[in-house]
Amino acid sequence: MPPSSGTSDSDAPRPARPTGWEPRDPTLSTPPSRTPKRRPRRLLRTLFGLLLLGTLLLAGAFAAGYLLVEIPPANSAAVAQSNVYLYRDGTTLARDGEVNRENIRLDRVPLTVRQAVLAAEDRDFHTSRAVDPKAMVRAAWNTVTGKGRQSGSTITQQYVKNYYLGQEQTLTRKAKEFFIAIKLGREKSKEDILQGYLNTSYFGRNAYGLQAAARAYYGKDAEDLDTAEGAYLASVLKAPSAYDVTTHPENRAKAVARWNYVLDGMVGEGWLTRADRAAARFPTPQTARPATGLSGQRGYLVQAVEEYLTEHGIVDEKTLAGGGFRITTTLEPAKQDALVQTVEEQVMSKLDPASTPADRFVRVGAAAIDPASGKVLALYGGVDYTRQYVNNATRRDYQVGSTFKPFVFTAAVQSGAQTQQGEPITPYTVYDGSNRRPVEGWNGAPYDPANEDDESFGELPVGAATDLSVNAVYAQMAVDVGPGHVRRTAVDLGLPGSTPDLTASPSIALGAATASVLDMATAYATLAAHGRHGGYSLVEGLSRDGQEVAVPAPASRQAVSREAADTTTAILRSVIETGTGTAAQAVGRPAAGKTGTAEDDKAAWFAGYTPELASVVAVMGQDPESGRQEPLYGALGQARINGGGTPAEIWAQFTREALAGTTPRDFELQLMPGAEEPPPDLPSPDAPDAAAGAAASAAPGTSNAPGIANAPGTSDASAAPDASTAPDASGAPEVSEAPDVREAREVREAREGPEGPYELGEAGPGAAPRSPRPPRGTPGQ
């Protein structure tokens, strides 16, 4: 053991402590644990990585969505438009199509109305982007959580929803809307987007687009809206049904509050002055009306207008069916209403099918035309378009009967025709009106027409034969004129060349042709216009999407000479004064007309005119189930219905009411040579044949002369043309004045039709050579 050093072990020096070592706290039993410092950093790096990955995924998804989602074609509902039909005064007649929409250009929308829409829907539209992400997220969240339907926020997004997509509330549709809106905002101008939005938004009352809404709420076009009205329409965009104060008056306070919000927004944006804001008054809209549709007469009118546009090559049928047309017709609402009311009073209100089976068959068609312009002013097509589809005003399947006879006489004067004995045909030319008298000079099959009720009239002048509608006389006259000439004249006056059964034979005179009511009104209007014909017109203006479409005006020409037309008018005046059309005297002003009855009394007609208005009325018989034509015996409580009865009464009442408030005008007639007074070779009262002459002179329809009416108020020039206008001895019209030259040329051109030219006095196709004219005084003359 080593020697002691004199010190204990406890006093021995201890080894040095390592630098930085801290003595342990004696109060602790175990040394403290050390927390790692790298764990938070790893968490941050993880979160950052996830954020970056999410951003990349979102960016990729955005890029993929932008590249993959294309702007689709417009949905069919967004581009569907109705055709809008207007009366001549601009009031709405009807709309066709299922969607009540009429597109309008933005420049036709008043600036304050545009600004009202922006104040209601998107005040930052012109400066903001196409999408609002915050609004998109909010709308998506509310959709997912079931908090209700939410708006796409910006006008661009709403336009995308309306025009390209649909109204379903799904995340898929929202995503498509987002990408399409972004693309659309880059490819289209703000003006184009706003125009599209205004034309596709729903405003309630079945009105799609601002134009339809303006008509539905205020009865005017969008371009005529004022600021207050525009602000109201902008207000209803949020809740179209709830904010319609006429159908939901209980919501008026909310609607007015919304309207105030819009106007205040306009003031805030500097679009409306405070003074104008203070002056604004809430514009209560008109009462909601049911959709016009095509019920009643509207369907017939629309059908007639469509046929006019397509048959005249103005618009083809496929384009017209595409919609979007604004069509201003020639129809006048007052005259249209008068015609409908007259038919209702004279016919429809009197029908009693339960007790009178024949009343089931009654149909009525009517048309009225302005002779000066050829414009159709009123039409009656049937009881109701939704109940009876066939248009009685334009159908071509009923015989026109004796309303055709005036065309035969017009052709006689026009062609300078003569009888088989060589006598010129005038109102005083005597014919044999015996029943079943065979026609002479016809090379075809024998023809011996019966007069009505098989009545024989013996010899009588043409005027009286017109008053009494004698078939035997007019069948012979058709042969004398030439059936081909008669047919040509009827076409020149206005009947279509394709009219069924318009055959060049003696029967043409009795009205076997089945022209429409409108066709006949056109022809009678030509007579009223002194022989000038331009065809009828049903359309006055046409536009599509604000662009005008040309509507050619019918070219007017002298279809027949004035003397031919006016002399026909003279004998038709007598029909009303003392003939079969006396019921038409109720019109209370100078008028001319002719009655007609179809074979087996299946239709009764009256065609007539005043200087201001030409109208034709037909009462037809048709079985509503089989469609078969039926006689009208017993209908309306009458044993028979003929043209001088109900049709003439309808014509007189309608014409009187249509012209009410206008000064009656007399016809200014220029008659053919020999029409002013009886020719000197007619039997005198002291002659051996005085009995026949007296019978003719006393025939109904005569006063001083047989069968031709005196024309009170007619100018002396018309009663006896002066030397400058009277025809010369050869029958050729004097051509020293420009109007006469034009008339002669136009009449000559009218004769040079597809059937070949003809000369005055020439027998028509199918007629046999005439016998030489016998010397005067021969028995029977």
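Author: Let's start with a term: a nonpolar core is a set of buried Ala, Val, Leu, Ile, Met, Phe, Trp, Tyr and Cys residues joined through side-chain atoms within 4.5 Å. Buried means under 20% relative accessible area, with a 1.4 Å probe and protein chains only. This is a predicted model, where local features need pLDDT of at least 70, side-chain atom pairs count only at pLDDT 80 or more, and totals for chains, interfaces and linings use all residues. Residues are numbered from 1 along each chain as its sequence is written, and side-chain values use heavy atoms, leaving out hydrogens and water.

Reader: Thanks! How many residues has the largest nonpolar core?

Author: It has 88, and Phe404, Phe407 and Met477 have the most contacts inside it. Helix H19 (residues 517–528; helices are DSSP runs of H or I, at least four residues, numbered from the N terminus) gives the largest share, nine residues.

Reader: And which residues are in the second core?

Author: That separate core of 49 residues includes Val117, Ile155, Leu233 and Leu237.

Reader: Switching to rings: how many aromatic pairs are there?

Author: The whole structure has 13, counting rings of Phe, Tyr and Trp (its six-membered ring) with centres within 6.5 Å. Tyrosine 217 and tyrosine 232 are edge-to-face (planes over 60 degrees apart), because their planes are at 70°, with centres 6.0 Å apart.

Reader: Is tyrosine 217 buried or exposed?

Author: Buried, at 0% relative accessibility.

Reader: What sits over the ring of tyrosine 217?

Author: The charged end of arginine 205, 4.3 Å from the ring centre; the cut-offs are CZ of Arg within 6 Å of the centre and within 35 degrees of the ring normal.

Conventions. Buried < 20%, exposed > 50% of the residue type's maximum accessible area, 1.4 Å probe, protein only. Helix = DSSP H or I, 4+ residues; strand = E, 2+ residues; numbered from the N terminus. Phe/Tyr/Trp six-rings, centres within 6.5 Å; stacked < 30°, edge-to-face > 60°.
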